[in-house]
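Look at the sequence and the fold side by side. The report below walks through the sheet, the core and a few serines.

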Amino acid sequence: MTKYKLSSQTLQHEGRTLYRIQALKDFGDVKAGDLGGWVESENNLSQRGLGWIYDEGKVSGKAWVSEDVKVFEDAEVSGSYIYGNTIVIDSKVSNYHLSNHLIIPSPEHPLYIIYRLKYPDLEVVFIPWQS
């Protein structure tokens, strides 16, 4: 059984039509009927695992989000393969291949994002911000 469907709600974003996702079953902290973020197609978010796009998060283009990835707030993912336990919060991620990372905006370094989640410690590395 699939875990989500594309709802009839659409959003025009950077020349692309995105669709709000809606959960079809309970999984993780998502309940059947919950509305999630936005995808361009079902090719952007795996139907397997606990991964979900929350809030106004957007995943589009050739981006693929799978396994237990969580995309929050106004995060945007494009052209990237993100998997494992990655968490993306309010950041733009473009053209990266990431697994088990934490991606958040850095107020101290507005042109950079912080990433790399390494259990049990958080390893902090700076990479150029993708606009």
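In which sense do E5 and strand E8 pair, parallel or antiparallel? E5 and E8 (residues 76-78) pair in the parallel sense, over 3 bridges. Strands (E, at least two residues) and helices (H or I, at least four) are DSSP runs, numbered from the N terminus. Two strands pair if DSSP finds at least two bridges between them.

This is a predicted model, in which local features need pLDDT of at least 70 and side-chain atom pairs count only at pLDDT 80 or more, while totals for chains, interfaces and linings use all residues. Residues are numbered from 1 along each chain as its sequence is written, and side-chain values use heavy atoms, with hydrogens and water left out.

**Confidence**

The predictor gives each residue a confidence, pLDDT, from 0 to 100. The chain has a mean pLDDT of 83. In all, 79% of its residues reach 70 or more. Residues 109-127 stay under 50. The model still has 50 contacts for them beyond four places in sequence; contact means heavy atoms within 4.5 Å. Where pLDDT is low, the predicted coordinates should not be read in detail.

**The sheet**

Six strands form an open sheet: there are 6 strands in the order E1-E2-E3-E5-E8-E11, with mixed pairing. Strand E1 (4-13) and E11 are the edge strands, and each pairs on one side only. From one strand to the next, the twist averages 20°. For such angles, axes are lines fitted to C-alpha atoms (for helices, over the stretch in contact), and angles run from 0 to 180 degrees between N-to-C directions.

E2 and E3 pair in the antiparallel sense over 3 bridges. There, Gln22 stands opposite Leu35 in E3. E3 and E5 run parallel, joined by 2 bridges. Trp38 has Lys58 in E5 as its bridge partner. Val59 has Val77 in E8 as its bridge partner.

Strand E3 (residues 35-39) is largely enclosed by the rest of the structure, because 4 of its 5 residues are buried. Buried means under 20% relative accessible area, exposed over 50%, and partly exposed in between (1.4 Å probe, protein chains only).

**The core**

A nonpolar core is a set of buried Ala, Val, Leu, Ile, Met, Phe, Trp, Tyr and Cys residues joined through side-chain atoms within 4.5 Å. The largest one here has 22 residues. Leu45, Trp52, Val59, Val71 and Val77 touch the most other members. Strand E2 (16-23) and strand E4 (52-53) each give two or more residues to this core. Beyond its neighbours within four places in sequence, Val77 is in contact with residues including Val59, Val71, Ile82 and Val93.

**Three serines**

Each serine in the table counts as buried.

| Residue | Place | Relative accessibility |
|---|---|---|
| Ser60 | strand E5 (residues 58-60) | 8% |
| Ser66 | loop between strand E6 (64-65) and strand E7 (70-72) | 7% |
| Ser94 | strand E11 (residues 92-94) | 16% |

Leaving aside neighbours within four places in sequence, Ser60 is in contact with Arg16, Leu18, Glu40, Asn44, Val77, Ser78 and Gly79. On the same terms, Ser66 is in contact with Ser46, Tyr81, Ile82, Tyr83 and Gly84. Ser66 and Arg48 are 18 residues apart in sequence, and their C-alpha atoms are 7.2 Å apart in space.

Which residue does the side chain of Ser94 join in a polar contact? Its partner is Asn95, at 3.3 Å. A polar contact is a pair of N or O atoms within 3.5 Å; within protein, one must be able to donate a hydrogen and the other to accept it, and residues adjacent in sequence count only if both atoms are side-chain atoms.
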